[in-house]
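Here's a quick walk through this model, starting with the ligand and then moving on to a few spots elsewhere in the chain. Keep the 3D view open as you read.

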Amino acid sequence: MLPYSDSAGGGLADDRLDRPPDVDVIVVGAGFAGLYAILHLVECGFTVRCFESASDVGGVWYWNRYPGARCDVESVDYSYSFSPELEQDYEWTERYAAQPDIQAYLSHAAERFDLRSRIQFDSPVTSSRFDEERRLWRVTIADGASASARFLVLATGPLSVPLVPSLPGIDSFAGAVYHTSRWPSEPVDFTGRRVGVIGTGSSGIQSIPVIAEQCEHLYVFQRTANFSIPAQNRPMTPEALADIKANYRARRALTLLTKGGSPYQYRTDSPVALAEDERRQAFEAAWERGGTHFLKSFGDLVTNEESNRLAAEFVAEKIRSIVDDPAIAELLIPSDHPLGSKRICADTNYYQAFNRQNVTLVDLRRTPIAEVTPSGIRTEGGEYGLDDLVLATGFDAMTGSFQAVYPRGAGGLSLRDAWRGGPRTYLGVAVAGFPNLFLLSGPGSPSVLANMVRTAEQQVDWLAGLLRHVVDQGATLVEADVAAQDAWVRHVNDAAEGTIHLRANNWYLGANVPGKPRVFMPYAGGLDVYRRECDEIAADGYRGFAVVD
Ligand code: N01
């Protein structure tokens with residue numbers, strides 16, 4: 001327990017108006033964003049404590065340790081840029097880092113910058129409340145302890161709260177039930193087991209080929225086919241890594257000029273204008289580059305319907321050429337959403353897995369799940385005996401993890417109530433009515449539409465500037481104006497208007513969570529534009545924020 005923690009959560013001494021907060025800033029979450037927030041805020045002169053629900057650093061990468069878990073952004077780019085020394089001393093071993101490698105990287109960063117001493121692990125924050133009289137946030141931890149801070153920074157991640165579908169009978173299942181985003185820390189051995197995987201998004205698509213290799217039989221329960229492009233992962237050669245390290249500054253600078261925080265720029269012409277063989281060659285080259293890069297093979301894939309159709313047809317042909325059974329291939333070809341309207345998955349041998357004798361694809365569109373029984377799953381088409389069930393069913397994305405710490409702002413307003421009609425933020429960082437509360441990678445920021453590590457660094461740097469601006473003038477309270485927030489929400493909606501993302505039932509819109517308001521949550525204007533807007537607002541004296549002495 002921290003020295004300043006008290007289990008009373010507000011005893012007499014604690015309530016004294018003149019008692020200062022325990023620390024300047026409490027950070028919740030020790031993933032990429034939280035770790036950098038601790039480091040940078042300390043560098044800027046603040047006292048900082050962090051509470052983390054897991055037993056170690058890592059955030060989303062601590063929990064998502066399912067078989068095959070791997071980042072879909074290249075390792076050398078999905079890494080911190082704030083420290084040239086860290087860039088030089090970490091040795092990435094693969095083009096796309098697997099979960100253990102990212103966990104090791106974050107652990108290394110935590111050691112290198114001595115961050116662990118500021119983090120209390122195994123400490124989920126269960127509630128947080130703004131004390132208007134004393135102008136501080138008090139957070140309560142699961143064990144009943146509490147702590148206070150002038151500012152509360154939620155670095156809880158946009159993909160943190162697992163979505164567990166309410167399947168009839170699931171509690172009766174006699175075998176083990178795993179969720180990909182809460183995978184046990186000890187390896188799970190599926191040898192000789194009959195396993196069912198529900199869900200064919202990124203998590204399902206990455207885990208299915210690996211589980212298939214181990215288990216006796218794998219049943220894949222697919223409701224919606226997704227576009228997946230082979231990641232084309234490969235070992236990182238020492239020469240390639242040395243080359244990147246020698247040019248890291250230029251590579252990082254380039255990422256900041258792009259919408260997605262990627263150092264790559266692709267052709268800006270359209271496949272529609274090309275002769276068929278030239279077009280095919282271009283798509284082949286994009287397929288060979290692999291993963292999410294495929295969507296950038298032409299500038300207009302996400303804006304021109306015909307270009308998108310041509311790219312989707314190329315992928316469909318690839319699926320037909322890989323999968324032996326034509327009927328299975330057709331089931332695996334997405335038919336209800338344009339390519340890229342959901343995040344493209346990056347796989348290793350996903351489609352090949354369906355050529356295995358021990359893999360069965362179950363089409364939930366034709367035969368929905370009727371119930372989970374003690375011995376398996378009964379669909380409207382038949383019964384499937386299972387020993388283990390894997391839920392690769394996604395997340396209550398973008399809002400769930402902020403609401404999970406139950407913030408209550410001015411007048412006791414809960415974030416849940418404030419966002420009843422969908423999230424409203426200023427810059428994705430602050431919420432009107434919640435003074436001194438800040439979100440990292442919040443709704444209304446580029447977050448999941450860009451490189452998450454770049455966006456985390458940008459937001460932390462900017463937030464540290466805002467907090468210094470507040471305390472340097474002796475102020476104790478800062479809050480987003482309602483008018484500034486309303487204008488930002490309109491801007492976020494305008495940026496989303498006409499994008500391909502509105503043409504799918506995706507988690508960007510909250511469409512995967514029953515009853516969640518259908519609102520496009522991330523800022524689609526691009527990291528480059530967002531950065532400029534944030535910088536202009538800072539240069540303008542942090543326009544849109546009220547600072548109170
Ligand atoms: O979750 P998802 P995810 N019955 O929501 C199905 C990031 N990520 O964890 O589409 C049957 O995409 C659901 O079906 P449907 C990445 O940004 C990154 O896979 O609703 N099926 C869908 O197939 C990604 O986009 C990496 O019809 C049900 C699946 O479950 C995001 O996380 C790796 C169901 C959920 O797919 C989320 O990915 C992993 C039900 N009741 C994740 N409920 C990398 O960096 C849900 N489904 C590589």
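Two domains contribute to the ligand's surroundings: domain 1 (23–161 + 396–548) and domain 2 (163–226 + 342–394) each supply at least three residues of the shell. Keep in mind that this is a predicted model.

**Around the ligand**

In total, 23 residues surround the ligand, and the closest are R70, S202, S203, R223 and T224. Sort the shell by chemistry and you get nine nonpolar, nine polar and five charged residues. Which helix gives the most to this shell? That's α5 (residues 202–214), with three residues.

Now for some polar atoms next to the ligand's oxygens. The table lists three such pairs.

| Residue | Part of the residue | Distance to a ligand oxygen atom |
|---|---|---|
| T224 | polar side-chain atom | 2.4 Å |
| S203 | N or O atom in the side chain | 2.6 Å |
| A392 | polar backbone atom | 3.3 Å |

As for cover, the ligand has 910 Å² of accessible area on its own, and the protein covers 86% of that.

**A pair of strands**

Next up is strand β8 (residues 194–198). Is β8 mostly covered or mostly open? It's mostly covered, with four of its five residues buried. Strand β8 runs parallel to β9 (residues 217–222), and five bridges join the two. If you want one pair to click on, take V197, whose bridge partner in β9 is V220.

As a reminder, side chains in a regular strand alternate between the two faces of the sheet.

**A few loop residues**

P271 sits in the loop between α7 (248–255) and α8 (276–289). Why does P271 count as buried? Because its relative accessibility is 0%, and the cut-off for buried is under 20%. P271 and E306 are 35 residues apart along the chain, with 8.7 Å between their C-alpha atoms.

Two other loop residues are worth a look for their backbone angles. R135, in the loop between β4 (125–131) and β5 (136–141), has a phi near 55°, a positive value in a residue other than glycine. R135 has a relative accessible area of 21%, so it counts as partly exposed.

Q232 is found in the loop between β10 (228–230) and α6 (238–246). Its phi is near 55°, again positive in a residue other than glycine. With a relative accessible area of 22%, Q232 is partly exposed too.

Key. Residues are numbered from 1 along each chain as its sequence is written. This is a predicted model: local features need pLDDT of at least 70, side-chain atom pairs count only at pLDDT 80 or more; totals for chains, interfaces and linings use all residues. Side-chain values use heavy atoms; hydrogens and water are left out. A residue is near a molecule or strand if one of its heavy atoms lies within 4 Å of it. A polar contact is a pair of N or O atoms within 3.5 Å; within protein, one must be able to donate a hydrogen and the other to accept it, and residues adjacent in sequence count only if both atoms are side-chain atoms. Accessible areas come from the Shrake-Rupley method with a 1.4 Å probe; for residues, only the protein chains shown count as cover. Ala, Val, Leu, Ile, Met, Phe, Trp, Tyr, Cys and Pro count as nonpolar, Asp, Glu, Lys and Arg as charged, and the others, Gly among them, as polar. Domain bounds come from an automatic or database domain assignment. Buried means under 20% relative accessible area, exposed over 50%, partly exposed in between (1.4 Å probe, protein chains only). Two strands pair if DSSP finds at least two bridges between them.
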